[in-house]
Amino acid sequence: MIYFDSAASTRPSPAVLDAFAKANQEYFANPSSVHGLGRASGRRLDEERSRLLSLFGLGKTHRAVFLSGASEANNLALKGIAFSYQNRGKKILISSAEHPSVTMPAKELAARFGFELIELAVNEDGVVTPEELERHMDKDVILVSILGVNNETGAISDLNALSQIVHRFPKAYFHSDLTQAIGKVDVPYASLDLFSFSGHKLHGIKGSGALIYRSSIRLTPLIHGGGQEDGVRSGTVSLPLAASLVTAVGEELSHLKENEAKVTLVHDYLWNGLKELDVRIFSPENGSPYVLDFSLNHHKASVIVEALSQKEIYVSTASACSSKIEHASTVLLAMGATNDEASNAIRVSLDESNSLEEAKVFLDTLSTLLKEVHHR
Ligand code: PMP
């Protein structure tokens, strides 16, 4: 098997599974219970929360809320800010290359709650330039959301430059979806007002994730109930998932450079090989080495992805979360791709376990398929 779909999900690491199992055995009591075992679970949860913040170099200036994943975190960030601060202004800016878990809540806020949504253009590399953001910033903007690393192309946003522009406007908050960025590229965490991520993209467990936000921010909750997580997200907190998440982040951040070097070798080999084939590469040269996106010039992507799958080589068409629905990639369209290109993109996404041998087998197999399979 060759697994080239790590941007969709990864295998949980042994340390992550161990942290999950241990917390389940030792701290199964409800962290909100007032008896001794419950209080011990509560303290352990607080420790995990502080450890998570400190892994990002953050302290009391920020809070962490444990959630089910990046989709929930993005929804809480966008709706939580919009509902709390709508008296300050009604404008929300997002990039036109966001994941649907940002785009859809933003569109919902516009369609049903009277917010004005602006989708910032991306350049041919797939990123919002500081000039584009600057052009649309004004005193009515309350939230800007621009992702750190694009899940389809690997394009890396200049979060430092973008956050500086947002922070010239005191009423505006800057959120970034870091699902494909944490542990993979350097991120200026302290410059962000809020950021989201999912555990399962970094060898954590599916159903875990978090939103980190500045302590001064008051988020309107989406889930009401017992008032857990400071009232921001009711429901019994899963300490085992929280512990597994923090372990995953710790492992990824401590191996960032080493993993990046390994992945870059495989990425560069794939890149050079793909240049010789009947494809057009859409990932920018200076993007994340973990993601490589290309369009088939003359073949149907879904047919080739299925043919690769028959040979136990696993890749995605466009973004995996939505790839069961056949449609043109909005990210590639925003980058200037034609409809055919945007409908026939394949994403190869890597992790540190992938090897040059796998890359070679992939390229040989793809090259054969492109010759054998009929054109679209
Ligand atoms: N944002 C990005 C950039 C992603 O890649 C994904 C997963 N494809 C998500 C958000 C949503 O993550 P989840 O499905 O874990 O909620």
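Which residue of strand 13 stands opposite Asp293? The points below answer this and place the pair in the rest of the predicted model.

1. **The residue pair and its strands.** The residue facing Asp293 is Arg347, in strand 13. The two strands concerned, strand 10 (residues 291–296) and strand 13 (residues 345–349), run antiparallel and are joined by 5 bridges. In general, strands of a sheet pair through backbone hydrogen bonds, either in parallel or in antiparallel fashion.

2. **The sheet around strands 10 and 13.** Strands 10 and 13 belong to an open sheet of 4 strands, arranged in the order 9-10-13-12 with antiparallel pairing. At its edges stand strand 9 (279–281) and strand 12 (316–317), each of which pairs on one side only. Helix 8 (residues 256–275) lies across strands 9, 10 and 13 of this sheet. With respect to strand 10, helix 8 runs at about 10°.

3. **Strand 8 and its partners.** Strand 8 (residues 209–214) is mostly covered, since 5 of its 6 residues are buried. It pairs with strand 2 (residues 62–67) in the antiparallel sense, over 6 bridges. Within strand 8, Leu211 stands opposite Val65. Strand 7 (residues 194–198) also runs antiparallel to strand 8, and 5 bridges join these two strands. Here Phe195 has Ile212 of strand 8 as its bridge partner. As a general rule, side chains in a regular strand alternate between the two faces of the sheet.

4. **The loop before strand 8.** Lys206 is found in the loop that lies between strand 7 and strand 8. Apart from residues up to four places away in sequence, Lys206 touches Ser9, Thr10 and His200. Between the C-alpha atoms of Lys206 and Ser355 there is a separation of 25 Å, the two residues being 149 residues apart along the chain.

5. **The buried face of helix 6.** In helix 6 (residues 159–166), the buried residues are Leu159, Leu162, Ser163, Ile165 and Val166. Viewed down the helix axis, these residues fall within an arc of 155°, and they therefore line one face of helix 6. The general geometry is that an α-helix has 3.6 residues a turn, so residues three or four places apart point the same way. The cover over the buried residues of helix 6 includes helix 5 (130–136), strand 5 (141–145) and strand 6 (173–177).

6. **A buried arginine in helix 2.** Is Arg44 buried or exposed? This residue, placed in helix 2 (residues 36–55), has a relative accessible area of 19%. Because buried means under 20% relative accessible area, Arg44 counts as buried. When neighbours within four places in sequence are left aside, Arg44 is in contact with Tyr27, Leu239 and Ala243.

7. **The chain as a whole.** The protein chain holds 12 helices and 13 strands. Its radius of gyration is 21 Å, which agrees with the value near 21 Å that a compact globule of 376 residues would have. The C-alpha trace spans about 65 × 50 × 35 Å along its principal axes. Of the 376 residues, 57% count as buried.

8. **Contacts and surface.** Among contacts in the protein chain with a separation of 6 or more, 72% are between residues 24 or more positions apart. The accessible surface of the protein chain comes to about 15600 Å², and carbon and sulfur atoms account for 53% of this surface.

Definitions and conventions
Residues numbered from 1 in each chain as written. Predicted model: local features only at pLDDT ≥ 70, side-chain atom pairs only at ≥ 80, totals over all residues. Heavy atoms only, no water. Buried < 20%, exposed > 50% of the residue type's maximum accessible area, 1.4 Å probe, protein only. Arc of directions from axis to C-beta. Contact = heavy atoms within 4.5 Å. Pairing = 2+ DSSP bridges. Axes fitted to C-alpha atoms, helices over the stretch in contact; angles between N-to-C directions. Rg over C-alpha atoms; globule rule 2.2 N^0.38 Å. Areas by Shrake-Rupley, 256 points an atom, 1.4 Å probe, with all protein chains shown as cover.
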